[in-house]
Amino acid sequence: MLILSIVFSVLVFDWTLFRKGQFLLPNESPWNTNHFFNFLYEYNRIANEPKTKPRILILGSSIAYYSFDADLLSKELLKKTGKEYEVIYLAYAGNSPLYVYLLLDWLFPLRPDLVVYPINFIDLRLHRTYVMFPDGSNETVDEGELIRDALTFEEAPQSLWVFPKETLWEVGSSMSYEKKAQYLASYLFGFYRYQDIYLNNLNNLYQHRFGRNTSYHAYAGVPIPEGIGTLGWTKQSFSFLPVYKMEQGKEGFWIEVTTFLLENGPVSLHIQNSLGKSQTVILNQTGWVKVGLSSDFYSPLLPVTAKLSHVWYANKANGAYLDYHYDPMGVRLQQTFGLEFPLQGMQYKREPRSEDDRYIHMKDKEYESYFYYRLLEGLDKRPGIGYLVALERAKKRIAKEKFKPIFHLNYLKKIANWFQESGIPILIINNPENPISLDWYESSEWYNDYLAYLESLSSGNVFFRDMRRELPMQGFSDFHHFTYLGMEQMNPIYVREIGNIFSK
């Protein structure tokens with residue numbers, strides 16, 4: 001009885017605190033951070049809400065949530081069809097067809113009326129063949145090796161954090177007993193499964209209330225009219241409405257000053273409102289610097305504009321600040337800048353950032369030159385672009401091979417068959433690709449056969465659309481991901497295809 005009581009207590013504690021309780025707390029992680037917790041949090045939110053209108057589910061990877069905005073899509077559908085639709089996501093970064101296949105049973109509780117699944121070359125992970133076997137090819141590689149690689153914790157931590165049971169079922173026979181025990185424990189106990197991700201949200205909650213909010217991955221403060229980078233970097237000027245805690249003698253606000261900004265000596269930050277009230281702050285030290293606003297800005301309360309006397313450029317920097325772009329850089333704002341209370345429920349909401357505006361007025365030649373410079377040069381100095389270089393090489397190599405539907409392509413077919421049998425309609429989209437990277441392999445026999453394979457998936461309630469050339473290069477931030485403007489440009493095109501399916 002004692003042993004049973006202990007086991008029962010552990011299970012109740014685990015269920016209450018980790019499987020349920022942590023998802024009752026507010027989620028204050030931005031949409032492009034803490035991917036797997038955001039995915040689980042969003043799934044739990046949707047599964048526990050009543051369905052009140054036709055539901056469109058966006059399925060897939062980062063391709064899905066860089067391509068679709070739920071609000072934009074639902075508004076355009078209302079305008080075009082006169083009907084209200086709910087748009088939800090079952091997506092996270094790196095969610096390739098194998099992982100989608102393992103999560104298909106999660107779809108039924110969400111009761112979608114249509115599933116939209118945009119895919120691209122990056123989702124197929126075919127570049128892993130050349131990484132693992134430098135002299136190999138996707139014609140001859142052992143598919144089992146690719147599947148096992150794709151379900152290792154190093155390549156897919158979600159295999160342990162999100163779907164350990166399904167991973168055991170799929171590749172458990174090739175695991176060691178120790179690894180099997182690890183995945184079994186993850187399946188049985190939420191405190192073990194979520195140990196590496198739930199603390200991120202708890203840390204966010206604590207920092208947003210009691211910390212400076214100067215350690216973060218993505219900016220989640222007020223919009224800045226002049227533009228704000230994903231990491232919170234301003235341009236030379238930034239405007240905002242003061243909040244009372246920014247006043248001198250109170251909390252103030254924090255900005256990061258780099259050595260590159262102060263390279264030629266101290267820099268002034270001149271703050272002014274439309275009535276001419278002003279304040280000048282001299283920045284002469286690096287790191288995070290606290291600034292307090294003059295009380296003059298609060299009577300009356302009006303927006304202020306802060307302007308730096310100098311800027312710096314990331315392509316002339318070094319270390320973690322080095323980046324190959326030409327944007328003038330100012331200071332970095334703390335994550336929750338300008339807010340009285342932290343933003344919540346932002347796990348699948350995208351906001352425009354200054355990076356999205358780089359290419360709006362560029363001609364093709366200028367964009368192409370910038371494309372190669374920004375994405376593919378300086379691998380020795382920027383190891384983070386390694387996956388982009390690997391994708392470039394993979395596309396150019398695979399263009400010389402014969403098409404063979406292996407690995408994720410086989411799982412894509414299984415997904416199509418599952419939807420055909422389930423009766424849930426799905427729209428599979430060969431999503432737009434940057435014309436520059438598309439030119440590397442589009443005219444090859446491999447790509448033509450790949451396209452034919454995708455088209456062959458159509459049957460009954462499985463629909464396929466080829467949209468690879470629907471967006472100009474200026475709408476892409478890299479090979480496959482859209483800028484915010486690119487997402488807006490694609491919205492009516494997606495709505496047209498979705499509307500056609502609902503009309504059938």
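In this predicted model, E86 pairs up with R55 in a salt bridge whose closest N and O atoms sit 2.9 Å apart. The two partners come from distant parts of the chain: E86 belongs to strand β2 (residues 86-91) and R55 to strand β1 (residues 55-60), with the two positions 31 residues apart in sequence numbering. Neither end of this bridge is out in the open. E86 is buried, since its relative accessible area is 17% and the cut-off for buried is under 20%. R55 is buried too, with a relative accessible area of just 1%.

A second pair keeps things local. K396 and E392 meet through their side chains in a salt bridge, with 2.9 Å from N to O. Both residues lie in helix α15 (residues 386-398), and the 4 residues that separate them amount to about one turn of the helix. Exposure is split across this pair: K396 counts as partly exposed at 35% relative accessibility, whereas E392, at 14%, counts as buried.

Helix α15 also carries L388. This leucine is buried, because its relative accessible area is 7%, which falls under the 20% cut-off. Leaving aside residues up to four places away in sequence, L388 touches L375, L376 and F479. W169 is another matter: L388 and W169 are 219 residues apart in sequence, and their C-alpha atoms are 32 Å apart in space.

Then there is a pair that joins two loops. R469 forms a salt bridge with E442, and here the closest N and O atoms are 2.5 Å apart. R469 sits in the loop between β14 (462-466) and α19 (484-502), while E442 sits in the loop between α17 (435-438) and α18 (445-455), so the bridge ties together parts that are 27 residues apart in sequence. R469 is partly exposed, with a relative accessible area of 44%; E442 counts as buried at 15% relative accessibility. This pair does not stand alone, as D439, E442, D466, R468 and R469 are linked in a network of salt bridges.

Stepping back, how many salt bridges does the structure hold? The total is 28. As for the charges themselves, the protein has 51 positive and 56 negative side chains. The centres of these two sets lie 3 Å apart.

The fold as a whole contains 19 helices and 14 strands. Its radius of gyration is 25 Å, close to the 23 Å that the globule rule gives for 504 residues, so the protein is as compact as a globular protein of that length. Measured out along its principal axes, the C-alpha trace spans about 70 × 70 × 50 Å.

Burial and contacts fill in the rest of the picture. Of the 504 residues, 55% count as buried. Among contacts with a separation of 6 or more, 75% come from residues 24 or more positions apart. The accessible surface comes to about 22,800 Å², and carbon and sulfur atoms own 54% of that area.

Notes
Residues numbered from 1 in each chain as written. Predicted model: local features only at pLDDT ≥ 70, side-chain atom pairs only at ≥ 80, totals over all residues. Heavy atoms only, no water. Salt bridge = Lys/Arg side-chain N within 4 Å of Asp/Glu carboxyl O. Buried < 20%, exposed > 50% of the residue type's maximum accessible area, 1.4 Å probe, protein only. Rg over C-alpha atoms; globule rule 2.2 N^0.38 Å. Contact = heavy atoms within 4.5 Å. Areas by Shrake-Rupley, 256 points an atom, 1.4 Å probe, with all protein chains shown as cover. Lys, Arg positive; Asp, Glu negative; His and termini not counted. Charge placed at Lys NZ, Arg CZ, Asp CG, Glu CD.
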